[in-house]
Amino acid sequence: MSALLFRNARLIDPEKGIESLGTLAVRDGVISGPTGMDDAEVVDCDGKCLAPGIVDIGVKVSEPGERHKESFGSAGLAAAAGGITTIVTRPDTLPAIDTPETLEFVRRRANEASPVRVLPMASLTRGRQGREMSEIGFLLDAGAVAFTDCDAFCANTKVFSRCLTYAASLGALVIGHPQEPVLSDGAAATSGKFASLKGLPAVSPMAERMGLDRDLAVVEMTGARYHADQITTARALKRLERAKDAGLDVTAGVSIHHLTLNELDVGDFRTFFKVKPPLRSEQDRLSAVQAVASGLIDIVASMHTPQDEESKRLPFEEAASGAVGLETLLPAMMRLVHAGQITLPGLWRALSLKPSDRLGLDTGRLAPGAPADLVLFDPDAPFVLDRFKLRSKSKNTPFDEARMEGRVLGTWVAGTRVFSA
Amino acid sequence: MAFRARHLLGIEGLGPDEITSVLDLADNYVDLNRQDVKHDTALSGLTQINMFFENSTRTQASFEIAGKRLGADVMNMAVDSSSVKKGETLIDTALTLNAMHPDLLVVRHPHSGAVSLLAQKVNCAVLNAGDGRHEHPTQALLDALTIRRAKGRLHRLTIAICGDIAHSRVARSNIWLLSKMESRVRLVGPPTLMPSDAADWGVEVYGDMAEGLKDADVVMMLRLQKERMDGGFIPSEREYFHRFGLDPAKLAHAKDDAIVMHPGPMNRGVEIDGTIADDINRSVIQDQVEMGVAVRMAAMRLLAENLRADRAEKASLKSVDA
């Protein structure tokens with residue numbers, strides 16, 4: 001079959017934690033090592049970065065239910081253009097992905113339409129209602145890689161603990177969204193000077209710690225494998241650290257938006273900056289950046305959430321939450337690299353290696369034998385983002401007209417090129 | 001021309017000179033309003049639409065009278081926000097109205113930021129008549145005019161704003177305005193009705209009326225909404241009145257010539273004692289209502305002038321192009 005030889009590449013190796021100039025050979029869709037065959041097609045990387053493709057946990061593709069917002073086709077194209085080679089989809093669709101049959105639909109549609117790998121998650125409880133558990137065993141067999149009710153916090157601790165006990169017996173990964181639900185009900189912003197002067201209903205950042213405390217206690221009780229989708233406050237990070245020190249099987253993620261934006265970016269009620277949880281204070285943002293650099297936060301994700309114009313052109317309180325992020329994840333993260341807050345191998349540990357490890361995948365590395373899921377990018381190429389040029393069907397990005405650095409030049413999935421700039 | 005704004009969406013965006021220019025002009029309108037013939041032609045030929053997504057008798061009447069005295073064609077639209085799908089209606093109603101070529105749009109909405117959103121979609125001047133907990137600029141301006149006429153100045157005064165600060169747009173607009181005019185602002189209220197970060201606003205925060213009112217020049221009481229009285233934010237109405245209601249004993253801590261204000265409508269016996277509300281030597285509550293009409297006339301006239309200048313400029317640019 002096919003052979004590829006990436007020459008003159010700045011190789012970003014998150015496994016070894018180093019970057020080096022060199023050559024990478026690919027044979028039959030698999031990385032074969034530093035030397036290639038004579039018949040290989042040569043890709044001259046011109047000193048640009050070659051890294052494992054990004055594995056993005058928590059992507060909302062609005063199929064089934066709201067295909068006008070995003071389809072597997074459009075999300076797949078956007079992912080490829082953003083250097084993302086695996087999207088791990090959320091089950092908060094209409095209807096929710098809570099049966100093997102709906103999961104089968106997702107897998108079939110994804111295989112037909114998406115140029116990148118799609119791995120589906122299923123909901124932990126039926127309809128994400130927090131009342132009865134989903135068919136976790138059947139769903140695992142059907143290919144669900146994790147179980148989550150997304151932003152619907154399971155308030156009934158009895159139900160939640162039974163779900164985790166059952167999931168633990170099958171070794172299934174549970175993903176939580178730690179927010180104390182009553183305290184955060186109706187909130188559109190994080191409480192603080194900005195929110196109160198703007199008169200926005202706000203939630204204390206403490207709600208995240210309270211939600212995480214509850215989840216961690218249940219994890220301790222049940223021995224489940226647990227991942228917190230987004231940890232965005234300094235207070236909750238302390239609890240996360242303690243849980244990891246205590247040896248619980250716990251990991252955490254954070255969204256690109258909480259790493260690069262803060263509450264003040266909402267400005268004059270700009271609804272494209274309304275996300276869940278709400279943007280935090282600058283101190284909390286810096287704590288999260290620090291935690292990604294140190295590895296306390298394991299995974300960085302786009303938390304890609306397409307919303308159409310109609311659901312955003314509303315007063316801030318009524319507007320839908322969420323932002324698209326597949327195509328802006330890489331350039332936005334470059335801000336932290338250019339600011340000297342994280343190294344490229346350190347960043348790719350959070351973008352590729354750790355999410356792969358957490359889901360038990362063999363992607364996310366440059367080692368021989370790993371799938372040739374790769375992204376070639378120029379970390380310094382400047383551009384101004386035009387939201388109407390995004391490949392996502394929805395254009396709700398907070399980075400519209402932002403100056404960014406970092407362009408994807410090419411993306412390969414199993415050795416096949418799925419994007420070229 | 002000191003007043004540069006295209007819309008009046010909040011006090012936050014105004015400069016002290018702009019505030020002063022509104023108040024100076026409003027002073028003239030106070031005189032006009034006290035005459036038998038109260039007509040001016042500043043807005044004649046212009047169409048003013050009052051669009052209230054939240055019930056209000058007093059503010060709407062004040063804007064209506066202000067517009068009519070200036071010769072505008074005034075129309076009231078009561079939009080019951082509960083009976084319609086709010087968001088769609090806001091933008092759609094704005095676009096529909098815009099097609100009828102109004103010149104001044106007066107809007108009240110239950111959600112913070114909604115009036116500013118609407119202002120982005122229309123070609124006329126927009127006045128915020130209260131948006132959620134965010135701002136109520138004409139209330140702050142009428143309060144300022146009342147204070148300036150009673151005290152002779154707006155700077156170096158100590159003003160205590162008392163009660164439900166957390167949910168009050170009146171408080172926010174007043175804090176912006178009085179801070180910009182270099183007065184000292186104190187906030188007094190129970191901790192459940194005080195934003196937890198109020199101390200960062202550049203104001204002094206008190207949880208006790210006697211301390212908060214000490215040597216104040218102005219005591220501004222806020223209305224406590226009925227739905228917040230029972231158990232949720234305060235234990236009871238009577239405990240609230242006992243600790244935070246303005247009565248003669250508490251007022252005695254303020255300066256002897258301190259004035260008492262209230263944006264209305266009042267809950268007598270909840271946030272304010274009836275005898276104080278009716279004390280003509282202390283209470284300027286009726287003056288506030290009078291100043292309200294004058295300030296709204298001034299604000300609308302200044303916005304209309306800017307609107308006309310804007311349109312004239314566009315027309316001249318068009319003729320140059322031709």
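Modeller: A polar contact is a pair of N or O atoms within 3.5 Å; within protein, one must be able to donate a hydrogen and the other to accept it, and residues adjacent in sequence count only if both atoms are side-chain atoms. This is a predicted model, in which local features need pLDDT of at least 70 and side-chain atom pairs count only at pLDDT 80 or more, whereas totals for chains, interfaces and linings use all residues. Residues are numbered from 1 along each chain as its sequence is written, chains are lettered from A and ligands numbered from 1 in the order in which they are written, and side-chain values use heavy atoms, with hydrogens and water left out.

Colleague: What does the side chain of S352(A) reach in G53(A), and at what distance?

Modeller: The side chain of S352(A) comes to 2.8 Å from the backbone oxygen of G53(A), and it also reaches the backbone oxygen of P52(A) at 3.2 Å. Both values fall within the limit of 3.5 Å, so the two pairs meet the distance condition for a polar contact.

Colleague: How do you know whether S352(A) is buried or exposed?

Modeller: Buried means under 20% relative accessible area, exposed over 50%, and partly exposed in between (1.4 Å probe, protein chains only). S352(A), in helix α13 (residues 344–359) of chain A, has a relative accessible area of 0% and is therefore buried. Helices (H or I, at least four residues) and strands (E, at least two) are DSSP runs, numbered from the N terminus.

Colleague: What makes G130(A) buried, and which residues does it touch?

Modeller: G130(A), in the loop between β8 and α3 of chain A, has a relative accessible area of 10%, under the limit for burial, so it counts as buried. Contact means heavy atoms within 4.5 Å. Setting aside residues up to four places away in sequence, G130(A) touches T125(A), D149(A), C154(A), N156(A) and V159(A).

Colleague: Why is the pair of D103(B) and R311(B) called a salt bridge?

Modeller: A salt bridge is a side-chain nitrogen of Lys or Arg within 4 Å of a carboxyl oxygen of Asp or Glu. The closest N and O atoms of D103(B) and R311(B) are 2.8 Å apart, so the pair qualifies. Because D103(B) lies in the loop between α3 and β3 (104–109) of chain B and R311(B) in helix α11 (residues 285–321) of chain B, the pair ties together parts that are 208 residues apart in sequence. D103(B) is buried at 7%, while R311(B) is partly exposed at 37%.

Colleague: Where do K68(B) and E64(B) lie?

Modeller: Both belong to helix α2 (residues 58–69) of chain B, four residues apart, about one turn of the helix. Their side chains meet at 2.8 Å, N to O, in a salt bridge. An α-helix has 3.6 residues a turn, so residues three or four places apart point the same way. K68(B) has a relative accessible area of 43% and is partly exposed; E64(B), at 22%, is also partly exposed.

Colleague: How many salt bridges are counted between chain B and chain A?

Modeller: The count is one: E12(B) and K198(A) meet at 3.6 Å, N to O. This distance is within 4 Å, so the pair satisfies the rule. The contact takes 23 residues from chain B and 16 residues from chain A.
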